[in-house]
Amino acid sequence: MLVKTKAIVISALKFQEKSLIVKCFTLSSGLKSYFVRDAFSNRKTSQKIAYFQPFSILEIEAVHKNKGTLENLKEIKTAVPFQTIHTDIVKSTIVMFLSEMLHHSIQEEEKNESLFEFLESALIWFDHHDEVSNFHLILLLEATKYLGFYPDVSEIDLPFFEMNDGIFTLFHGINALTEHETNLFKKLIDLKFDNDQRVFHVVERQVLLKVLIEYYSFHLEGFKRPKSLDVLREIFS
């Protein structure tokens, strides 16, 4: 079946000497993996590889056989030409980390238009703003709305957040955050991209990042700690 759709690049893995296996989150079909033959074999290599940087937003035409195997791309063009995301060292590090997080988080080949539209609008905002030190924290928390485990905030005034059940509680159980961590988490829940990005100190961001990774691991089977986490911590230290 020939499909035309927008696609967000999640990862690109070199295969043998000349080819790539590219995982994309598509608007039409959810998560798809594509085989890009001879990606490294001609004079236009650098141009072709540039399409597949993490979180590039593409317009693609592809043949989807929908058999759980690698699909084939026929046409590729840039849908959103980013100005800063892949050239600014801080932003490119954040993108590397977030794409790795989503690589382990979006696990099903099914359409999720609302998640796609959220990611697309978030990335466009990210590209156009300079104060972005909390972007990765806000995006990871907001993404849980579309992944199915956003915290239940109906009892948000209670002092502890229980990670396993995703609820606020009166008691400090074995899987609950401390009161200090819970207060930071509440602050993050209220935060939007356009709020003051300096609302947290460096150490508080590190605490929240640890909390979010643990929260994802509680709710996603087989979730793996991102290898790029240490690089991200170094950038924000």
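Rings of Phe, Tyr and Trp (its six-membered ring) count as a pair here if their centres lie within 6.5 Å. By this rule, the structure above has 15 aromatic pairs. Please keep in mind as we walk through it that this is a predicted model.

Let us begin with one of those pairs, phenylalanine 126 and phenylalanine 135. Their ring centres are 4.1 Å apart and the angle between their planes is 15°. Planes under 30 degrees apart count as stacked, and the pair of phenylalanine 126 and phenylalanine 135 is stacked. Both of these phenylalanines are buried.

Now turn to phenylalanine 185 and tyrosine 215, where the geometry is edge-to-face. Here the centres are 6.2 Å apart, with 70° between the planes. Phenylalanine 185 belongs to helix α5 (residues 179–189) and tyrosine 215 to helix α6 (residues 202–219), so this pair ties together parts that are 30 residues apart in sequence. As with the previous rings, where are these two placed, buried or exposed? Both phenylalanine 185 and tyrosine 215 are buried.

If you select phenylalanine 185 and tyrosine 215 in your viewer, you can also add their partners. Ring pairs link the two of them with Phe149, Phe161, Phe168, Tyr216 and Phe223 into a cluster.

Rings can also have a charge as a neighbour. Phenylalanine 126, which we met in the stacked pair, has the charged end of lysine 91 over its ring, 5.4 Å from the ring centre. A second case is tyrosine 150: the charged end of lysine 145 sits over its ring, 5.1 Å from the centre.

From rings we move on to charges. Side chains of opposite charge can pair when their charged atoms come close. The structure holds nine salt bridges, and a good one to look at is formed by glutamate 120 and lysine 6, whose side chains meet at 2.6 Å, N to O. Glutamate 120 lies in helix α3 and lysine 6 in strand β1 (residues 2–15), so the salt bridge ties together parts that are 114 residues apart in sequence.

How do the two partners stand with respect to the surface? Glutamate 120 has a relative accessible area of 13%. Buried means under 20%, so glutamate 120 counts as buried. Lysine 6, at 25% relative accessibility, counts as partly exposed. Leaving aside residues up to four places away in sequence, glutamate 120 touches Lys6, Ile8, Ile57 and Val80. Helix α3, where glutamate 120 is found, covers residues 113–128.

Compare this with the salt bridge between glutamate 214 and lysine 210, where the closest N and O atoms are 3.0 Å apart. Both residues lie in helix α6, four residues apart, which is about one turn of the helix. Glutamate 214 counts as partly exposed because its relative accessibility is 30%, and lysine 210 counts as partly exposed at 42%.

One further salt bridge joins arginine 225 to aspartate 230, with 3.2 Å between the closest N and O atoms. Arginine 225 has 47% relative accessibility and so counts as partly exposed; aspartate 230, at 43%, also counts as partly exposed. Elsewhere, salt bridges that share partners join Glu142, Lys145 and Lys192 into one network. Lysine 145 in that network may look familiar: its charged end sits over the ring of tyrosine 150.

Note on methods: Residues numbered from 1 in each chain as written. Predicted model: local features only at pLDDT ≥ 70, side-chain atom pairs only at ≥ 80, totals over all residues. Heavy atoms only, no water. Phe/Tyr/Trp six-rings, centres within 6.5 Å; stacked < 30°, edge-to-face > 60°. Buried < 20%, exposed > 50% of the residue type's maximum accessible area, 1.4 Å probe, protein only. Helix = DSSP H or I, 4+ residues; strand = E, 2+ residues; numbered from the N terminus. Lys NZ or Arg CZ within 6 Å of the ring centre and 35° of its normal. Contact = heavy atoms within 4.5 Å. Salt bridge = Lys/Arg side-chain N within 4 Å of Asp/Glu carboxyl O.
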